[in-house]
Amino acid sequence: MKISGICGSLRKESWNKLLLQILLKKLSQNNNISTQEIDISDFPLYNADIESIAIPESVVAAKEKIIESDLLIFSSPAYNGSYSGVMKNIVDWLSRPPKVLDDKNALVIGCTPGMSGTLLGFTHLNHVLFNLNLNVFNQPRILVSGVHNKIQSDGEIINETLEKLINNSTKNIIEKLNI
């Protein structure tokens with residue numbers, strides 16, 4: 001079983017990237033699961049003119065990883081009450097032919113130093129992914145508010161409630177994938 005993660009933040013010290021890495025590491029502790037992060041840092045802004053000449057190599061490489069994936073985990077910050085522009089650009093590129101997202105399992109997670117836990121971004125991104133024919137998991141919901149008080153910059157979880165959420169979510173994901 002292969003699980004791939006995509007982060008919708010380009011920030012070097014992204015909390016969402018850290019949360020994604022924590023979840024992927026936890027899932028990879030199961031011997032039947034391999035995990036990988038999909039690098040989107042070189043995706044250009046989507047432009048049909050670029051696409052008509054050639055699909056960028058970074059997009060081709062990401063699509064190849066998605067083809068072999070059984071689950072895609074999208075981790076996105078919330079900006080202005082929705083998911084990030086970076087994540088929008090990722091989804092725009094990945095939804096273009098050749099289609100690789102149809103019938104893929106997907107999970108949206110997110111975190112923020114603020115109080116929302118990225119709920120609106122989570123809702124919006126789930127809706128978009130559902131419309132692109134992904135099998136979007138409604139549960140588990142890993143939406144973390146006040147993340148700077150729950151995870152250290154080295155990835156150590158320092159909040160018991162979040163630790164339990166990650167552990168329970170890992171079990172839930174494994175059950176959903178019938179591993």
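**View A. Ser9 lies in the loop between strand 1 and helix 1 (15-28) of this predicted model.** The relative accessibility of Ser9 is 10%, so this residue counts as buried; the cut-off for buried is under 20%. Beyond its neighbours within four places in sequence, Ser9 is in contact with Ser14, Pro77, Tyr79 and Val86.

**View B. The side chains of Ser9 and Ser14 make a polar contact.** The distance for this pair is 3.4 Å. Ser14 is also among the residues listed as in contact with Ser9.

**View C. Strand 1 (residues 2-7) pairs with strand 3.** The two strands run in the parallel sense and are joined over 5 bridges. For Ile3, the bridge partner in strand 3 is Leu71.

**View D. Strand 3 also pairs with strand 6 (residues 105-111).** This pairing too is in the parallel sense, over 5 bridges. Here Phe74 has Val108 of strand 6 as its bridge partner.

**View E. Strand 3 (residues 71-75) is largely enclosed by the rest of the structure.** This follows because 5 of the 5 residues in the strand are buried. In a regular strand, side chains alternate between the two faces of the sheet. In strand 3, Leu71, Ile73 and Ser75 lie on one side, and Leu72 and Phe74 lie on the other. Both faces are covered, as the residues on each side are all buried. Two of these residues appear in the earlier views: Leu71 as the bridge partner of Ile3, and Phe74 as the residue bridged to Val108.

Methods:
Residues are numbered from 1 along each chain as its sequence is written. This is a predicted model: local features need pLDDT of at least 70, side-chain atom pairs count only at pLDDT 80 or more; totals for chains, interfaces and linings use all residues. Side-chain values use heavy atoms; hydrogens and water are left out. Buried means under 20% relative accessible area, exposed over 50%, partly exposed in between (1.4 Å probe, protein chains only). Helices (H or I, at least four residues) and strands (E, at least two) are DSSP runs, numbered from the N terminus. Two strands pair if DSSP finds at least two bridges between them. A polar contact is a pair of N or O atoms within 3.5 Å; within protein, one must be able to donate a hydrogen and the other to accept it, and residues adjacent in sequence count only if both atoms are side-chain atoms. Contact means heavy atoms within 4.5 Å.
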